[in-house]
Amino acid sequence: MPDKSPRLAVSRRKFLGTVAVAGAASAVGDLDNKALAAAPAKAEPVKPSALPPSAKVAAAETSAPDAQAPVMGTPNSDFMVDVIKTLDIDYVAANPANSFRGLHESLLTHGGNKKPEFLTCMHEESSVAMAHGYFKVAGKPMLVLCHGTVGLQHASMAVYNAWCDQVPIVIIGGNDLDASKRPPFVPTYHSAQDIGALLRDFVKWDDMPVSAQHFAESFVRAYKLSMTPPYEPVLLSLDSDLQEEPIENRDKLTIPRYVPTSPPQGDSNAVREAARLLVQAENPVIVADRLARTPAGMGLLVELAELLNAPVVDRRSRLNMPTTHYLHQTGRGKVLVHNADVILGLELSDFYGTVNTYIDNGENTRHPKTKPGVKLISISSRDYYLKSNYQDFQRFQPVDVSIAGDAEATMPALIEAVKKALPADRKAALEKRGEAMRKAWSATRARTLQAATYAWDASPVSTARLASEVWAQIKDEDWSLVSSDRMISSWASRLWPMEKHYQFIGGPGGFGIGYGSPAAVGAALANRPHGRFSVNIQTDGDMMYAPGVLWTAAHHRIPLLNVMHNNHGYHQEVMHVQRMADRRNRPLPDGPIGTQINGPNIDYAKLAQSMGWWASGPITDPKDLAPTLKRAVEVVKAGEPALVDVYTQPR
């Protein structure tokens, strides 16, 4: 029978106190008598601790802490918050750390945790990726705090993605610079003479302020440079002592006034020459990549395309052209580029790849996609700012008219130049071209709808069926696809009518894995005040890079529908390994080892549930998609995140 006689509980705190006074050996040997003598009539509740019992721990847990020297006056970090508040920054994302504790405390107390509001993140890569997705909907940067050497190393991949995608993010890296003042051991491991060196190759500008006034000027400069096309991330290294020191003379500190820089426009003579070539062309093609950096960009492209009845190929780093417009001819991009006599490239990240073919056949075969004599026109702000180490600028492509300028800002002048250059006798030819484009658009649409029906009832679920079922549930909402659909063969872009800038935000820029889930959370946060319905088609491998962002979304009540494209593997890499085996004429043993995500299969529904999400799945029968998605949509409309795990085909 179990012993039910009353026992006197000994709290861990009492035990540690005893150890500290008498030493571990004597305390353990004489435990019962000391505990009985010291125990109160009613036992104290046991408070769990992760620390192992020792004299040092006992002193820390039972003794009063050493009195801290009071801060005399106002800390510099309060003034830093005043500087931050002069700019249009709504949120600061961070995984907390001691190197920016002074600024953290000031944001919460002096700043009232409002504009910016603190977002608690589980990983620095997620913090930056959230800011990345947020900008592409909100059109303004987020502030990110990172901890010294280790935090910036965690963040680096996401910063590189933002650099490649031309997204502005203001990053502050905390640092303990003065070796004579910083604590030994861990804080010293996390410090460096120059933490900016970690990111300098892929940020637009960085600085290390050494005074409060220096911070004010550098922070406003960083914001201004980040928000001047080409947009890019910026970094400030901020010493922890500088944050915590008192302000010497507040009356002498000033905050510079922020005045946005007008985006650079292309040279007027070059713009007129581009217009002349476009007007005279028999088969002009417009290729747009990161043209629409604001909602106005889409309207300007539509106006130019309609003037010329020229087809548009959207490279989809942004939504540049409505997918319902008859001049949206992305699906016919290869044949259009091949037949073009003039190609206008607008903010292309890879003009070489646009007009040349590369075949991964062991010989790395390259040949032009275009016919001889084609005229190439480039309008891009990237000519203003390049660095040499990382190859995001792609292979060099000679062009006939190279216009250094922000393409969106240059569009009004180009439109006017085209209007002036268009002769009256070209009207019939342009109308004929437009009619051909309408017929081609309708034919492409019919082929797409037919292709979507293939494997409609298959299990695993086809990616076309997945996109179609999601659309059926959200079509009546003011929706926003907050992820790229490249990994599902672009079915959402091919099937859904995308007409507003926020309905498609593109991908990671540098194609670094781990972007998708946190970027979707950031974009959903930007959609939240507008009441938009955010949906993310989330790949499984990407999710597992930083799944902690699910907790961030639940904690901050960010409504988002995550639909898992769960194909149990890195299937692009499956094809790469298989291509190597075929090229070397030897079979792969035991299938695609090292590229599959199974054995065990990951239960993404349980993963999401553990972090506060409503979740269901995995779904293997496509007939179960509609009712499950319907319930998930109801949850998201109520203001909470939801996840549906779907077992899908590879593409």
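**A walk through the predicted model**

Strand S12 (residues 375-380) and strand S13 run parallel and are joined by 4 bridges, where helices (H or I, at least four residues) and strands (E, at least two) are DSSP runs numbered from the N terminus, and where two strands pair if DSSP finds at least two bridges between them. Within this pairing, Ser378 stands opposite Ser402 of S13. The structure is a predicted model, in which local features need pLDDT of at least 70 and side-chain atom pairs count only at pLDDT 80 or more, while totals for chains, interfaces and linings use all residues. Residues are numbered from 1 along each chain as its sequence is written, and side-chain values use heavy atoms, with hydrogens and water left out.

Both strands belong to an open sheet of 5 strands, whose order is S8-S7-S9-S12-S13 and whose pairing is parallel. At its edges are strand S8 (312-314) and strand S13 (401-404), each of which pairs on one side only. From one strand to the next, the twist averages 15 degrees. Helix H12 (residues 268-280) packs on this sheet and touches strand S7 (284-288), strand S9 (342-346), S12 and S13, and the direction of H12 makes about 135 degrees with that of S13. For such angles, axes are lines fitted to C-alpha atoms, for helices over the stretch in contact, and the values run from 0 to 180 degrees between N-to-C directions; contact itself means heavy atoms within 4.5 Å.

Just before the edge strand S8 comes a loop that links it to helix H13 (296-308), and Asn309 is placed in this loop. Asn309 counts as buried because its relative accessibility is 9%, buried meaning under 20% relative accessible area, exposed over 50%, and partly exposed in between (1.4 Å probe, protein chains only). Setting aside residues up to four places away in sequence, Asn309 touches Tyr326, Leu327, Leu430, Glu431, Arg433, Gly434 and Met437. With Leu430, the side chain of Asn309 reaches the backbone oxygen at 2.7 Å.

Another loop, between helix H17 (427-452) and helix H18 (463-474), holds Ala455. Is Ala455 buried, exposed or partly exposed? Its relative accessibility is 38%, so Ala455 counts as partly exposed. Although Ala455 and Arg465 are 10 residues apart in sequence, their C-alpha atoms are 8.3 Å apart in space. Beyond its neighbours within four places in sequence, Ala455 is in contact with Ser462 and Gln649. Gln649 also appears among the residues touched by Asn567, together with Asp540, Thr648 and Pro650, again not counting residues up to four places away in sequence. Asn567 is found in the loop between strand S16 (561-566) and helix H23 (571-583), and its relative accessible area of 10% makes Asn567 buried.

Helix H5 (residues 76-85) is largely enclosed by the rest of the structure, because 8 of its 10 residues are buried. These buried residues are Asn76, Ser77, Asp78, Phe79, Met80, Val81, Val83 and Ile84. Their cover includes helix H6 (101-108), strand S3 (143-147), helix H10 (212-226), strand S6 (234-239) and helix H11 (240-244).

The cysteines come last. When a disulfide is taken as a pair of cysteine sulfur atoms within 2.5 Å, the count comes to 0 disulfides. Why does Cys121 have no such bond? The closest cysteine sulfur, in Cys146, is 9.5 Å from that of Cys121, which is too far for a bond. Cys121 is buried, with a relative accessible area of 0%, and Cys164 is buried with a value of 8%.

How values were computed
Polar contact = N/O pair within 3.5 Å; in protein donor to acceptor, adjacent residues only side chain to side chain.
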